[in-house]
Amino acid sequence: LSTAIDWVETTASSQAPQVGKRDHLIALLLCLATAGVLGLAQQNQGVMRDEGTYFEAGQRYWGWLDDLGTNLAGGNLKASFSKRAIEMYWAVNNEHPVLCKVLFGISWHIFHGKRGSALPGAKPRSQPLLSEISSYRVPGWLFAGLAVALLYLFGARYESRTAGLAAGLLYITIPRVFFHGQLACFDSPITTMWLATVYAYLRSLDRARWAIVAGVVFGL
């Protein structure tokens, strides 16, 4: 750990390559391409044990958000924060953090849900955009894509663009990483968030405002 910290501080203080808009565009394309490949790969992927629990939790959590919109429109916002409402919607899988499951639920509603919502701007849909299983998995694909994008930016900033591209591509082609990136589970998101925390910390050694970003990302 001491050696790693020394490397971080030495690297951050050295002259780093200039990273500009082109690099951020490349990172975005890598993220979307990765998500797309994972989306295609998972079509025949069976449902893992954990996913079933998270599917149910995501639906329940979305139900709370849906009711929140209804209560907001009806001027009864307080009802969404009652003990009864909280226990009814949030009791499922309450031993785990909710961020990913909320995203699974929102994704399910956007890409598969047919029922109209009271949330502003929402419209009923006659045909789903994705299958029900795939609709839950979209956030996992995007988290995996974000990891590839961050690895590219990491390498481009502190070594070279070639190093960044190689790091990102080698990461996503690790069999276990490629498998977990397809699923509606926590494995890919937590790996990505740790990477994002380290990246933000590195940036904070040069620019203080990145310390706030590091704190927020670490909290998430």
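**View 1. The exposed face of helix 2 (residues 21-41) in a predicted model.** Lys21, Arg22, Leu29 and Leu40 are exposed (over 50% relative accessible area, 1.4 Å probe, protein chains only; buried is under 20%, partly exposed in between) and sit on the face of helix 2 turned away from its buried side. Helices here are DSSP runs of H or I with at least four residues, numbered from the N terminus. Residues are numbered from 1 along each chain as its sequence is written, local features need pLDDT of at least 70 and side-chain atom pairs pLDDT 80 or more, while totals for chains, interfaces and linings use all residues. Side-chain values use heavy atoms, without hydrogens and water.

**View 2. The buried side of helix 2.** Asp23, Ala27, Leu30, Cys31, Thr34, Ala35, Leu38 and Gly39 are the buried residues of this helix. They lie on the same side because they cover an arc of only 165° around the axis, taken from the directions from the helix axis to the C-beta atoms. Their cover includes helix 6 (132-158), helix 7 (161-172) and helix 8 (175-180), with contact meaning heavy atoms within 4.5 Å.

**View 3. Cysteines without disulfides.** The whole structure has 0 disulfides (a pair of cysteine sulfur atoms within 2.5 Å). The sulfur of cysteine 100 is 9.6 Å from that of cysteine 185, its closest cysteine sulfur, too far for a bond. Cysteine 100 is buried at 11% relative accessible area, and cysteine 31 is buried at 12%.

**View 4. Asparagine 93 in a loop.** Asparagine 93 lies between helix 4 (83-90) and helix 5 (99-111). Its phi is positive, about 55°, although it is not a glycine. Most residues other than glycine have a negative phi. Asparagine 93 is buried, at 9% relative accessibility.

Definitions and conventions:
Helix = DSSP H or I, 4+ residues; strand = E, 2+ residues; numbered from the N terminus. Expected span 1.5 Å × (residues − 1).
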